[in-house]
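Trainee: I would like to go through the assignments in this model and ask what each one rests on.

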Amino acid sequence: MSLQIKELDRKEYLLPGHTACPGCPAAMGLRLLGKALGSNIILVIPASCATIIQGAFPKTSLTVPVINVPFASSAAIASGINGALGLQHKDVNVVVFAGDGGTGDIGLQALSGAAERGENILFICYDNEGYENTGIQRSCSTPYGAWTTTTIKGKQEKRKDIPSIIAAHGVPYVATASVSYPLDFIEKVRKSSKMKGLKYIHLHAPCPTGWRFPSEKTIEVGKLAVLTGTWILFEIEYGSFRLTGPSRFLLDKGKRRPVEEYLKAQGRFKHLNSEMIKRIVEEVESKWVEIKRL
Ligand SMILES: Cc1ncc(C[n+]2csc(CCOP(=O)(O)OP(=O)(O)O)c2C)c(N)n1
Ligand code: SF4
């Protein structure tokens with residue numbers, strides 16, 4: 001039987017009083033990570049909103065060891081920690097928790113190197129689809145059409161498919177997840193933490209501040225992303241692909257809610273014209289065609 005919410009640890013590893021915005025998905029991700037792995041963890045966090053949540057030395061809102069690192073270096077530093085733990089014969093989960101900028105843009109080179117070397121790391125990218133901490137600039141993961149402060153008419157390029165890039169390294173585990181489906185995320189964290197080598201989880205993280213929706217709607221927007229088929233939940237375990245959560249039932253287009261419902265829930269898409277909406281809908285459909293082939 002799959003994991004039940006009542007089986008989760010009641011202990012909190014992310015303490016209240018941190019400085020995230022209300023409804024912050026990065027804080028949710030960190031909280032769930034604690035529920036998944038408990039205290040047997042060393043966290044590596046690069047410059048991002050997660051840094052703010054973690055807090056400034058000597059104070060921190062996390063009850064586990066955490067090292068805050070330069071933007072580009074997370075996977076390299078996690079590799080070093082992993083090596084040092086190996087020499088001491090210690091079995092501790094080394095987990096990177098990085099934003100999409102710190103993963104797919106500036107952090108990609110170090111991540112690719114660690115993946116190719118098979119470093120024993122769990123790398124989690126929480127994807128709020130922009131550089132939110134520095135004032136909502138576009139990132140490689142900002143989707144086509146989305147407003148940011150550097151794409152005021154909507155981003156013209158499509159997003160980079162980071163999970164596919166990491167999967168192409170042949171690592172043992174790659175998955176997508178969403179803060180709106182916490183048990184699916186926790187199961188993926190637990191399962192992957194038992195595997196050796198580099199594991200990658202891409203966590204969809206709707207950001208009320210950057211995506212322009214009310215802070216109490218984070219979970220609702222994340223669910224809409226999945227139920228409209230715009231964000232697809234899957235895992236690739238030793239090369240074997242599987243849809244998970246509600247995405248298992250959405251292969252048939254007729255079962256998906258209209259993509260427009262997801263777009264309309266967010267102020268960052270309010271300038272879209274019908275042509276741009278059509279392109280977004282087509283992109284969602286072509287991703288599902290690709291998924292069907294897997
Ligand atoms: C080398 C370097 N360039 C730029 C910055 C400034 N900076 C700090 S956080 C950040 C944005 C991070 O974006 P992302 O990784 O997506 O995380 P988010 O802020 O969205 O949580 C930037 C550009 C930095 N700290 N170091
Ligand atoms: S900008 Fe978004 S990701 Fe950053 S702290 Fe605020 S809600 Fe969280």
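Mentor: We take the sheet, then the two ligands, keeping in mind that this is a predicted model.

Trainee: What makes the sheet open, and in which order do the strands lie?

Mentor: The order is E2-E1-E3-E4-E6-E5-E7-E8, eight strands with mixed pairing. Strand E2 (66–69) and strand E8 (240–243) each have a single partner strand, so one side of each has no neighbour in the sheet. On average, neighbouring strands are turned by 20 degrees against each other, direction ignored.

Trainee: How do you know that E3 and E4 are paired?

Mentor: A pair needs at least two bridges. Strand E3 (residues 93–99) and strand E4 (residues 122–127) are joined by five bridges, so by that cut-off they count as paired. The two strands run parallel, and Ala98 stands opposite Cys125 in E4.

Trainee: Which residues come nearest to ligand 2?

Mentor: Cys21, Cys24, Cys49, Glu132 and Cys207, out of 13 residues around ligand 2. Being counted there requires a C-beta atom within 6 Å. Helix H1 (25–37) and helix H8 (208–211) each supply at least two residues of this shell, and H8 gives the largest share, three residues.

Trainee: Why is the class count around ligand 2 eight nonpolar, four polar and one charged?

Mentor: Cys counts as nonpolar and Glu as charged, so Glu132, among the nearest residues, is the one charged residue.

Trainee: What is the class count around ligand 1?

Mentor: Five nonpolar, nine polar and two charged residues. The closest of the 16 are Ser48, Cys49, Gly99, Gly101 and Asn133. Helix H4 (residues 100–105) supplies the largest share, three residues.

How values were computed. Residues are numbered from 1 along each chain as its sequence is written. Chains are lettered from A and ligands numbered from 1 in the order in which they are written. This is a predicted model: local features need pLDDT of at least 70, side-chain atom pairs count only at pLDDT 80 or more; totals for chains, interfaces and linings use all residues. Helices (H or I, at least four residues) and strands (E, at least two) are DSSP runs, numbered from the N terminus. Axes are lines fitted to C-alpha atoms, for helices over the stretch in contact, and angles run from 0 to 180 degrees between N-to-C directions.
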